[in-house]
Amino acid sequence: MAKVIGFEISSQDPKKAIEFYKMVFSWEVEDSNWNYWSIIPDTIGETGAFVGGISKGPGDFPHGTRIQIEVDSIDETLSLALQHQALIVREKMEFENYYLAYIVDPTGIGIGLIEFKQ
């Protein structure tokens with residue numbers, strides 16, 4: 001079963017968003033990596049808790065907060081999502097330890113899909 005493993009706050013002004021979350025919630029973030037600032041887990045809850053980050057996406061990318069769902073196969077999940085009227089916003093992308101894709105469900109909710117490499 002796919003499980004929610006994190007969240008992503010997407011903003012056209014991530015530096016302003018980072019400052020807000022630092023000042024209001026005392027969150028600390030790591031340096032940028034691919035326009036993504038990871039939130040240091042200890043600042044959002046217990047160690048090993050849900051993790052997330054703040055990102056800057058392209059102008060055509062849905063902004064807001066997205067959950068990240070771990071799946072066994074992004075390819076199979078994208079196929080199923082398309083069959084059930086989802087929109088693929090970003091096709092499968094490869095990173096060092098995982099694959100990532102973004103979809104929007106039929107109701108307009110953005111979701112990140114993560115498949116960790118074996």
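1. The hairpin of strand 6 and strand 7 has 5 residues between its strands, and within this hairpin Gly108 takes a positive phi near 100°. The two strands of the hairpin run antiparallel and are joined by 7 bridges. Within this pairing, Ile103 stands opposite Ile111 of strand 7. It should be noted at this point that the model is a predicted one.

2. Strand 7 also has a second neighbour. Strand 4 (residues 64–70) is joined to strand 7 by 4 bridges, and here the two strands run parallel. Gln68 faces Gly112 of strand 7 as its opposite residue. Is strand 7 enclosed or open to the outside? Of the 7 residues in strand 7 (residues 110–116), 6 are buried, so the strand is largely enclosed by the rest of the structure. For this point, a residue is taken as buried when its relative accessible area is under 20%.

3. The sheet as a whole may now be considered. It is an open sheet of 7 strands with mixed pairing, and its strands follow the order 2-3-1-4-7-6-5. Strand 2 (36–38) and strand 5 (87–94) are the edge strands, each of which pairs on one side only. From one strand to the next, the twist averages 25°. Strand 4 pairs with strand 1 (residues 3–10) as well, in the antiparallel sense and over 7 bridges. One of the residue pairs here is Phe7 with its bridge partner Ile67 in strand 4.

4. The overall composition is as follows. The protein contains 2 helices and 7 strands. Read from the N terminus, its elements run β-α-β-β-β-α-β-β-β. Helix 1 lies across strand 1, strand 2 and strand 3 (51–55), and runs at about 135° to strand 3.

5. Helix 1 (residues 14–25) includes Met23. Is Met23 buried or exposed? Met23 is exposed, because its relative accessible area is 62%, and a value over 50% counts as exposed. Together with Phe20, Val24 and Phe25, Met23 makes a nonpolar surface patch of about 420 Å².

6. Two loop residues deserve attention for their backbone angles. Trp34 has a positive phi of about 60° although it is not a glycine. Trp34 is placed in the loop between helix 1 and strand 2, and with a relative accessible area of 69% it is exposed. Gln85, likewise a residue other than glycine, has a positive phi near 70°. Gln85 belongs to the loop between helix 2 (74–83) and strand 5, and its relative accessible area of 64% makes it exposed.

7. The end of the chain should also be examined. Gln118 lies in the segment after strand 7. Its relative accessible area is 96%, and Gln118 is therefore exposed. How far is the C-alpha atom of Gln118 from that of Asn97? The two C-alpha atoms are separated by 8.5 Å, while the residues are 21 positions apart along the chain.

8. Finally, some totals describe the whole protein. Of its 118 residues, 36% count as buried. The protein exposes about 7500 Å², of which carbon and sulfur atoms supply 54%. Among contacts with a separation of 6 or more, 50% are between residues 24 or more positions apart.

Methods:
Residues numbered from 1 in each chain as written. Predicted model: local features only at pLDDT ≥ 70, side-chain atom pairs only at ≥ 80, totals over all residues. Heavy atoms only, no water. Patch = residues over 30% accessible without salt bridge, like charges linked within 9 Å, V, L, I, M, F, W, Y side chains within 5 Å. Areas by Shrake-Rupley, 256 points an atom, 1.4 Å probe, with all protein chains shown as cover. Salt bridge = Lys/Arg side-chain N within 4 Å of Asp/Glu carboxyl O. Buried < 20%, exposed > 50% of the residue type's maximum accessible area, 1.4 Å probe, protein only. Pairing = 2+ DSSP bridges. Axes fitted to C-alpha atoms, helices over the stretch in contact; angles between N-to-C directions. Contact = heavy atoms within 4.5 Å.
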